[in-house]
Amino acid sequence: MIRGDTKLRAEGVRVEYVDRVNRLETLALDGIDLQIRDGEFFSIVGPSGCGKTTFINVVDGLIPPLDGRIFLDGALLQGPGRDRAMVFQSPSLLPWRTVQANVSYGLEAAGVSRADAADRCRPFIELVGLRGFERHYPYQLSGGMQQRVNLARALAVDPAILLMDEPFAALDAQTRELMQVELLRIWNEARKTVIFVTHQVSEAIFLSDRIAVFTARPGRVKEIVEIDLPRPRGIAVKHDPRMVEYEERISELVRPEALRAMEQEQVVAPDAARSVESAS
């Protein structure tokens, strides 16, 4: 079920990468139009290289679009800002800082005193289920626990929107499934708007209100699928017959794009080899 008013709006977003060494230009995104609602869990799926990560990097202000605009709460985005927080595939924690110090890092960087930051981050450590681990260091935590720290750090700065780039991809299957359930619990309590990138169609279905399917490069929105499954969702939802129906439908949308992406790679590889030969 779609929740509130429009939170983020993308209009004609176009991104191009330039390889100045080989004099190659690659159009990564071509005319992305999206509207994401306040409090919505919105996922993006598509083949490798379709621009999923590129799009959320544009939203995060890390990559400027060649053309098009993105609005957050009606304001034009023109670079990075504290109103957005990213959760990457790798936890990217600071190894010399404890769990508490990692979670409070963003607040401290924003000028909050260390003592106040520690107080403000405590509820988020509890929210992600890490109470009692405040003084542990990253090397003392499992991969799933490290991603919980990463999520708590993102939530602690109170972003308007949470960007998640395949955050569970490096986890084993069992931990990944547990983290999916935990993420829904946290999302339901935090009430944040989420843009979630994943290669796993079943994961996107389980988590999302809506899913955007991107085409092969250059990435365009092929279709947006609304997921009509009851909330709150637990593991039992994965046995709902509609899960299978959604997975078949979305997989059918992704499959031809994945084949086209493979064909693109086969074309690029010989060209790259010729470039190396001519350079030598």
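**Exercise 1. Find the residue in strand 2 that is the bridge partner of T6.**

*Solution.* Step 1: start from strand 1, which covers residues 6-19, and look at its link to strand 2: the two run antiparallel and are joined by 11 bridges. Step 2: go to T6 and look across to strand 2, where its bridge partner turns out to be R37. Keep in mind that you're working with a predicted model here.

**Exercise 2. Work out which strands stand at the edges of the sheet that holds strand 2.**

*Solution.* Step 1: write down the strand order, which is 2-1-4-5 in this open sheet of 4 strands with antiparallel pairing. Step 2: check the two ends of that order. Strand 2 (24-37) and strand 5 (75-76) each have a single partner strand, so one side of each has no neighbour in the sheet. Step 3: now see what packs on this sheet. Helix 1, residues 52-59, touches strand 1, strand 2 and strand 4 (67-72), and its direction makes about 115° with that of strand 1.

While you're in this area, have a look at D73, in the loop between strand 4 and strand 5. D73 isn't a glycine, yet its phi is positive, about 55°.

**Exercise 3. Describe the other sheet, the one in the order 6-7-8-3-9-10.**

*Solution.* Step 1: this one is an open sheet of 6 strands, and its pairing is mixed. Step 2: look for the edges again. Strand 6 and strand 10 (221-226) have a single partner strand each, so one side of each is left free of a neighbour in the sheet. Step 3: see how the strands are turned. Ignoring direction, neighbouring strands of this sheet are at 20° to each other on average. Step 4: zoom in on one pair. Strand 6 and strand 7 (residues 161-165) are parallel and share 4 bridges; on this stretch, V87 has M164 in strand 7 as its bridge partner.

Step 5: add the helices. Helix 1 lies across strand 3 (41-45), strand 6, strand 7, strand 8 (193-197) and strand 9, at about 150° to strand 7. Helix 5 lies across strand 6 and strand 7, and runs at about 175° to strand 6.

**Exercise 4. Classify the ring pair F55 and F214: what kind of aromatic pair is it?**

*Solution.* Step 1: check the distance. The ring centres are 6.3 Å apart, and a pair needs centres within 6.5 Å. Step 2: check the angle. The planes stand at 75°, so the pair is edge-to-face; the cut-off for that class is over 60 degrees. Step 3: place both rings in the chain. F55 sits in helix 1 and F214 in strand 9 (residues 210-214), so to speak two distant parts of the chain, 159 residues apart. The full count is 5 aromatic pairs.

**Exercise 5. Say which helix gives the largest share of the lining of the largest pocket.**

*Solution.* Step 1: get the overall picture. The largest pocket holds about 520 Å³ of space and is lined by 20 residues, with R84, A85, G106, R153 and V157 nearest its centre. Step 2: list the elements that give at least two lining residues each: strand 6 (84-87), helix 3 (105-109) and helix 5 (143-156). Step 3: pick the top contributor, helix 3, with 4 residues. Step 4: sort the lining by class, and you get 11 nonpolar, 4 polar and 5 charged residues.

**Exercise 6. Locate the prolines P218 and P232, each joined by a cis peptide bond.**

*Solution.* Step 1: take R217 and P218, whose cis bond has an omega of about 0°. P218 is in the loop between strand 9 and strand 10. Step 2: take R231 and P232, also joined by a cis bond, with omega near 0°. P232 lies in the loop between strand 10 and helix 8 (241-279).

Note on methods: Residues are numbered from 1 along each chain as its sequence is written. This is a predicted model: local features need pLDDT of at least 70, side-chain atom pairs count only at pLDDT 80 or more; totals for chains, interfaces and linings use all residues. Side-chain values use heavy atoms; hydrogens and water are left out. Two strands pair if DSSP finds at least two bridges between them. Contact means heavy atoms within 4.5 Å. Axes are lines fitted to C-alpha atoms, for helices over the stretch in contact, and angles run from 0 to 180 degrees between N-to-C directions. On a 1 Å grid over the protein atoms alone, a cavity is a set of points where a 1.4 Å probe fits but cannot get out, and a pocket is an open set with protein on both sides within 12 Å along at least five of seven lines; lining residues have an atom within 4 Å of a point. Grid points are joined across faces, edges and corners, and a volume is the space filled by probe spheres set on the points. Ala, Val, Leu, Ile, Met, Phe, Trp, Tyr, Cys and Pro count as nonpolar, Asp, Glu, Lys and Arg as charged, and the others, Gly among them, as polar. Rings of Phe, Tyr and Trp (its six-membered ring) pair if their centres lie within 6.5 Å; planes under 30 degrees apart count as stacked, over 60 as edge-to-face and the rest as tilted.
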